[in-house]
Amino acid sequence: MIFKYPVFLVAMVTPVLQQGAAILAARELNLGGLFASFTLEVARDGTSQRDFTEINKGICPPLLCKTFDGSSGVTSTRGSPLFFQGDIVLDRSLTNVIFPSRRTSRHRRALTRDPHRLWKDGVVVYQMDPNLKAKSREALKAAMKHISSHTCVTFKEKTSSHKDFIRFTSDPGCWAHIGRVGGEQMVNIGEGCENLGTASHELLHALGIWHEQARPDRDKYVRILYENIEENFKTQFDLVSDSLVSSLQHPYDYLSVMHYSQTTFTKNGYPTIKVIGVGERFGFPIGQRTALSLIDVSQLREMYGCNKKSDAARKGKCLKLQHADGRDYRGDLDYTQSGHTCQKWTDSYPYNHPFVAYSRQWAARNGAQSPDGLGDHNKCRNPDRHRKKQPWCYTTKSSVEWGYCDVHICNKTAERPQTKRPTISPHIPNTRSPPVTTKRQTPSPPSRKTTPRPQVRTTKHPNVTSKRTTKRPNVPAPARTTRRPHATPKPNLTKSPPIAKPTAPFRPVGPFVHVKLNASHIKNSHCVSQAWTSSEQTTNTHPSH
């Protein structure tokens, strides 16, 4: 009796304190999906709201207990006597997949290839039960509106022509089936479940989404503390086979409305799930029941092809913008050309991009946007510091960091930004040394026609560096003489100097500067060379070239 009350107090107070700490961390980091802030939901009587796993403990809803007996169906699953993972009602096909046996191996193979679990064209047919309570009805309507406003999934009331539909009930507990089962299936929102987060959670089950902590790669992001879990509910933390669960290349979503809370199925008030990895570094809370996260929305959109449908509706439409690169785009497009949903500019997960702090500063000004259009949203933009050829965004996919958005601009000749570059005048030689300026003279025209000269060879005088042309002398080759051994050969004075290889005759292209050479220039070959080089540079810089 002495230790009973302290343990009881710990079990009651610890979840509230942990949830409050998670709220403060979320508010500090401004993290989340589509919900503005992560708040602690409090009931009207002042008590904190219970999670669905606590509500469903020890209950047997009449709608389910009348349907299945204790020897078959959903009541034969492990852990909870009725529900799988706390709130999932397994039909017989899923039971054979999750708990296979030798007789059900063929059914498992057939089920993994059967895509009938999704609702056709994203249209969910429903029917309100006549005994549905008013609070449950309001919560379900709010959840349906919330899902439809962020995805292409729509909800339509049943008519006589519909065979597959959902019947909304308000029996004890919060529970639903996974995906479209076929025929009539139920989504139950009982007492204690009448809030937007829980109703959205159950509707996502009916749309085909499992719990986040059941994905096969869960152990990289959270650690299950089995020592704090009730013995009968340890199997509720088992992983689901990758033949049933697919993240569609999305990162682990700590903020998902489909994630267990920190103290789910606790036996002593201590946490049963510990956040590790990137979630621990960022201080992510788990188990929120406020609204869908951004990754929840992204997965649902990809499952039902929402972004592709939206592209088809936008085809052919264009926008009149001032800039060709779309820097002044302020529209609501929030996915890339590849159909990936954009990450919020204020979020640091899955990609901790350089615009987080800048966007949060502007978002703190009553939701204002920066001059580049950044703020607390996930719309396509083309900010200044990372200007690209068209609007873009970071994605919510772990395999693709960013992508261009399909923004069509009507005026193709819109003002395109020009980068200022240093210009070089064509009249100034592109050399490091300053050009040599000489007086330019106009050559006099030839007085008479000149006949083409015969091909000549160019030779160089040993004392003069300037070029001159001479005819090739017709000198016969010298006779070969026999030299005496160890005798010094005499020079052959009759041998002509070396002759250069023939070159094409020089043809003037434009005006040249004529430089007169005198005796002093001839003595100093360096001056002659400099004068010739300077005249060449001055000639080559003529505007006509």
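How many disulfides does the count come to? In this predicted model, the count comes to six disulfides. Numbering the bonded cysteines along the chain, the pairing pattern is 1-2, 3-6, 4-5, 7-12, 8-10, 9-11. The views below show three of these links, a buried arginine, a partly exposed cysteine and two nonpolar cores.

**View A. The disulfide of Cys 174 and Cys 193.** The sulfur atoms of Cys 174 and Cys 193 are 1.6 Å apart. The angle about the S-S bond is -70 degrees, and the link is left-handed. Cys 174 belongs to strand 4 (residues 174-176), while Cys 193 sits in the loop between strand 5 (184-189) and helix 7, so the bond ties together parts that are 19 residues apart in sequence. Cys 174 and Cys 193 are both buried.

**View B. The disulfide of Cys 342 and Cys 393.** Here the S to S distance is 2.0 Å. This link is left-handed, with -70 degrees about the S-S bond. Cys 342 is found in the loop between helix 10 (306-314) and helix 11 (356-363), and Cys 393 in strand 8 (residues 392-394), so the pair ties together parts 51 residues apart in sequence. Cys 342 and Cys 393 are both buried.

**View C. The disulfide of Cys 380 and Cys 405.** The sulfur atoms of Cys 380 and Cys 405 lie 2.0 Å from each other. With -80 degrees about the S-S bond, the link is left-handed. Cys 380 lies in the loop between helix 11 and strand 8, and Cys 405 in the loop between strand 9 (402-404) and strand 10 (457-459), so this bond ties together parts that are 25 residues apart in sequence. Cys 380 has a relative accessible area of 0% and is therefore buried. Cys 405 is buried as well, with a relative accessible area of 0%.

**View D. Surroundings of Cys 410.** Cys 410 lies in the loop between strand 9 and strand 10. Its relative accessible area is 28%, so Cys 410 counts as partly exposed. Leaving out residues up to four places away in sequence, Cys 410 touches Cys 318, Leu 319 and Lys 320. Cys 410 and Leu 319 are 91 residues apart in sequence, yet their C-alpha atoms are 5.4 Å apart in space.

**View E. The buried side chain of Arg 218.** Arg 218 is located in the loop between helix 7 (196-207) and strand 6 (222-224). The relative accessibility of Arg 218 is 4%, under the 20% limit, so this residue counts as buried. A polar atom of the Arg 218 side chain lies 2.5 Å from the backbone oxygen of Phe 237. Beyond its neighbours within four places in sequence, Arg 218 is in contact with Phe 237, and also with Gln 213, Ile 224, Tyr 226, Leu 239 and Tyr 252.

**View F. The largest nonpolar core and a second, separate core.** The largest nonpolar core has 52 residues, of which Ile 147, Phe 168, Leu 204, Leu 207 and Tyr 254 touch the most other members. Not counting residues up to four places away in sequence, Phe 168 touches Tyr 126, Gln 127, Met 128, Asp 129, Leu 132, Leu 140, Met 144, Val 187 and Leu 203. A second core, separate from the largest, has 16 residues, including Leu 333, Cys 342, Cys 393 and Cys 405. Cys 342 and Cys 393 are the disulfide partners of View B, and Cys 405 is bonded to Cys 380 in View C.

Technical notes. Residues are numbered from 1 along each chain as its sequence is written. This is a predicted model: local features need pLDDT of at least 70, side-chain atom pairs count only at pLDDT 80 or more; totals for chains, interfaces and linings use all residues. Side-chain values use heavy atoms; hydrogens and water are left out. Helices (H or I, at least four residues) and strands (E, at least two) are DSSP runs, numbered from the N terminus. Buried means under 20% relative accessible area, exposed over 50%, partly exposed in between (1.4 Å probe, protein chains only). A polar contact is a pair of N or O atoms within 3.5 Å; within protein, one must be able to donate a hydrogen and the other to accept it, and residues adjacent in sequence count only if both atoms are side-chain atoms. Contact means heavy atoms within 4.5 Å. A disulfide is a pair of cysteine sulfur atoms within 2.5 Å. A nonpolar core is a set of buried Ala, Val, Leu, Ile, Met, Phe, Trp, Tyr and Cys residues joined through side-chain atoms within 4.5 Å.
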